[in-house]
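Open your viewer, switch to a cartoon view, and keep the sequence panel at hand. We will begin with the whole chain and then stop at single residues.

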Amino acid sequence: PNPVVLKITNAEPGLTPPEVITVGQVMGVGRAKLTGRLTNLGGVAQVETGFQYREKKGGTDLSEKTEPWTDLPGSRQTAAGDFTFDLGGLAAGRTYEFRARVKHPLITIFGEEQAFRAR
């Protein structure tokens with residue numbers, strides 16, 4: 001019968017997440033140089049940046065299972081900036097997709113997915 005009202009003051013967010021952008025790729029024969037950009041470390045001294053990739057299915061059959069993401073080796077970053085990875089062993093004519101990844105001690109964030117066709 002008697003409602004309770006709480007007033008919260010001086011509240012601060014518990015986590016400032018890191019920010020990562022999938023920049024793009026430069027193609028070579030059977031390889032691709034992937035590029036990402038770390039724009040914010042999320043309030044910690046260092047994070048791990050890297051990429052995930054997989055072969056992209058044709059998309060014509062909606063019940064077709066997608067391939068799981070493959071984690072590529074990452075590297076530690078202590079400041080915002082670009083990072084790259086040289087991915088080899090790609091089959092010509094196949095379509096792949098990739099995304100940038102940042103691992104914060106509390107959360108993992110992914111950039112937007114981008115697709116490319118290997119040559």
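Here is the tour, with a short word on the ground rules before the stops.

This is a predicted model, in which local features need pLDDT of at least 70 and side-chain atom pairs count only at pLDDT 80 or more, while totals for chains, interfaces and linings use all residues. Residues are numbered from 1 along each chain as its sequence is written, and side-chain values use heavy atoms, with hydrogens and water left out.

**The whole chain**

Colour by secondary structure: the protein chain has 0 helices and 9 strands. Helices (H or I, at least four residues) and strands (E, at least two) are DSSP runs, numbered from the N terminus.

Now turn the C-alpha trace around; along its principal axes the protein chain spans about 70 × 40 × 20 Å. Its radius of gyration is 19 Å, whereas a compact globule of 119 residues would have one near 14 Å. That radius is taken over C-alpha atoms, and the globule rule is 2.2 Å times the number of residues to the power 0.38.

Of the 119 residues, 31% count as buried. Buried means under 20% relative accessible area, exposed over 50%, and partly exposed in between (1.4 Å probe, protein chains only).

**Stop one: His104**

Select His104, in the loop between strand S7 (95-103) and strand S8 (108-110). Is His104 buried or exposed? His104 is buried, because its relative accessible area is 7%.

Next, show the backbone of Gly42: the side chain of His104 reaches the backbone oxygen of Gly42 at 3.2 Å. To see what else surrounds His104, select its contacts beyond four places in sequence, among them Leu15, Pro18, Leu41 and Val47. Contact here means heavy atoms within 4.5 Å.

**Stop two: Asn10**

Move to Asn10, in the segment before strand S1 (19-28). Look at the backbone here: Asn10 has a positive phi of about 55 degrees although it is not a glycine. Asn10 counts as exposed, because its relative accessibility is 75%.

**Stop three: Thr84**

Finish in strand S6 (residues 81-87), where you will find Thr84. With a relative accessible area of 46%, Thr84 is partly exposed. Which residues does Thr84 touch, not counting those up to four places away in sequence? Select Lys33, Leu34, Thr35 and Phe51. For a last distance, pick the C-alpha atoms of Thr84 and Ala100: they are separated by 9.5 Å, and the two residues are 16 residues apart along the chain.

Terms used: A polar contact is a pair of N or O atoms within 3.5 Å; within protein, one must be able to donate a hydrogen and the other to accept it, and residues adjacent in sequence count only if both atoms are side-chain atoms.
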